Amino acid sequence: MSTKDYLEKDYYKVLGVSKTATQDEIKQAYRKLARANHPDANKGDDEAEERFKEISEAYSVLSDEKRRKEYDDARSLFGGSYRPGGGTGPGGFDLGDLFGGGPGGGGGAGGGDRLSDLFGGLFGGRGRTTTTPRRGADVETETTLAFTEAAEGVTRSFTLTSDAACPSCKGTGARAGTSPRMCPKCSGTGHESKNLGGFSLSEPCSECKGRGLVTDDPCPTCHGSGRGKSSRTVQARIPAGVSDGQRIRIAGKGAPGEHGGPAGDLYVVVRVHKHPLFGKSGENLTITVPVTFPEAVLGADVRVPTLGGVPVTVKIPPGTPSGRTLRVRGKGSRRRDGTLGDLLVTVEVQVPQTISADAREALEKYRAATSDHDPRSGLEAQAKGA
């Protein structure tokens with residue numbers, strides 16, 4: 001990316017955030033846009049691919065505090081109104097005047113030096129080479145867990161494919177038995193300067209494409225780029241208590257860095273199978289337990305299964321209505337700190353489809369004895385009042 005492109009692009013607008021956005025807001029905006037425009041989700045859509053590249057470029061600058069400050073300083077300096085060719089008319093200005101050189105002048109105040117200092121961190125200004133340590137890219141993958149695995153935590157293996165040094169030439173770009181040589185055009189810096197009258201712009205060298213090296217006999221595997229695809233297996237621990245759809249960050253397990261830079265992060269989107277009995281509510285497990293009408297009316301001690309397999313006895317108080325939830329402490333799934341959540345037991349009073357003659361007679365007597373009680377009393381009045 002040239003300095004000209006850098007000055008003209010509004011990265012905040014690309015991500016749809018304000019200039020005062022926090023890093024969390026920038027990250028959330030990037031994730032949302034990246035998912036919507038990812039090439040894998042938009043097969044054959046060239047516009048979506050270009051948008052994805054713009055979004056990634058904007059995030060690479062704004063997510064790095066140092067690069068973001070340099071970008072903000074540059075935009076503040078030029079007011080976001082850079083216009084190639086200079087001029088002091090509307091929408092543009094002359095950089096020669098800005099640094100004391102006059103239109104098309106030689107930059108009496110050292111304009112080229114000052115611009116080089118300003119943009120060196122982003123575009124490899126004077127003295128910079130392509131061996132600057134660079135953080136590896138973040139990688140995202142997905143895994144599906146059984147309900148019990150999600151509740152207790154599990155270690156999973158992931159096979160990841162990422163950009164890495166070519167295995168044939170070990171990243172040199174030269175055929176085996178040969179070596180690359182320093183680029184004669186940029187003297188190995190990977191950049192060349194263009195004089196635009198009063199200041200100079202640093203851009204990737206047109207001869208070596210920013211590598212600082214040229215190969216007379218390119219590697220047949222990578223065609224001289226020095227890069228290739230690398231597959232590796234990563235062991236990652238999915239913590240206990242994850243929920244369906246949760247996105248887990250595993251630091252340092254992403255793509256390897258370049259020139260000694262740190263590796264990126266691995267993000268794992270977790271999908272959890274449903275359990276026939278148990279559900280999840282925050283850090284607690286849930287279960288619905290059927291009880292008979294006499295148990296609900298008179299009270300009872302009922303055995304309730306747990307996820308660990310050892311049942312517990314739960315006391316149903318007399319007069320428990322259907323739908324009431326009782327809490328059994330310490331019998332839920334494991335939390336991240338190692339402690340156990342609770343088991344929430346919801347009572348469901350079951351009505352038998354058929355009953356014996358004796359049971360029917362007993363219920364008829366019960367109905368007669370409680371005929372003065374109307375549980376629907378006042379419903380109609382409430383409906384009219386609403």
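Leaving aside its neighbours within four places in sequence, which residues is Asn-42 in contact with?

## A loop residue between two helices

In this predicted model, Asn-42 is in contact with Ala-36, Asn-37 and Ala-48 once its neighbours within four places in sequence are left aside. Asn-42 sits in the loop that lies between α3 (23–37) and α4 (46–62). Ala-36 also takes part in a polar contact: the side chain of Asn-42 reaches the backbone oxygen of Ala-36 at 3.0 Å.

## Four cysteines from a record

An unreviewed UniProt entry lists Cys-166, Cys-169, Cys-219 and Cys-222 under "binding site". These residues are spread over 57 residues of sequence, yet they cluster in space, with a largest C-alpha distance of 9.0 Å.

Cys-219 is found in the loop between β6 (213–214) and β7 (227–238). Its relative accessibility is 2%, so Cys-219 counts as buried, the cut-off being under 20%. Not counting residues up to four places away in sequence, Cys-219 touches Cys-166, Ser-168, Cys-169, Gly-173, Ala-174, Arg-175 and Gly-224.

Cys-222 also has its place in the loop between β6 and β7. With a relative accessible area of 8%, Cys-222 is buried. With residues up to four places away in sequence again not counted, Cys-222 touches Cys-166, Cys-169, Gly-173 and Arg-227. Two of the residues that the record lists, Cys-166 and Cys-169, are thus among the contacts of Cys-219 and among those of Cys-222.

## A strand with two faces

The side chains of strand β8 (residues 247–250) alternate along its length. Ile-248 and Ile-250 point to one face and are buried. Arg-247 and Arg-249 point to the other face and are not buried.

Strand β8 is joined by 4 bridges to strand β9 (residues 266–272), and the two run antiparallel. Arg-247 has Val-269 as its bridge partner in β9.

## An open sheet of four strands

Another part of the model is an open sheet of 4 strands, in the order β10-β11-β15-β14 and with mixed pairing. Strands β10 (278–281) and β14 (325–328) stand at the edges; each has a single partner strand, so one side of each is left without a neighbour in the sheet. From one strand to the next, the twist averages 35 degrees.

What joins the edge strand β14 to strand β15 (residues 343–349)? There are 4 bridges between them, and the two strands run antiparallel. For Thr-325, the bridge partner in β15 is Thr-346.

Note on methods
Residues are numbered from 1 along each chain as its sequence is written. This is a predicted model: local features need pLDDT of at least 70, side-chain atom pairs count only at pLDDT 80 or more; totals for chains, interfaces and linings use all residues. Side-chain values use heavy atoms; hydrogens and water are left out. Buried means under 20% relative accessible area, exposed over 50%, partly exposed in between (1.4 Å probe, protein chains only). Two strands pair if DSSP finds at least two bridges between them. A polar contact is a pair of N or O atoms within 3.5 Å; within protein, one must be able to donate a hydrogen and the other to accept it, and residues adjacent in sequence count only if both atoms are side-chain atoms. Contact means heavy atoms within 4.5 Å. Axes are lines fitted to C-alpha atoms, for helices over the stretch in contact, and angles run from 0 to 180 degrees between N-to-C directions. UniProt positions are given in the numbering used here, feature names are shortened, and annotations may be inferred rather than shown by experiment.
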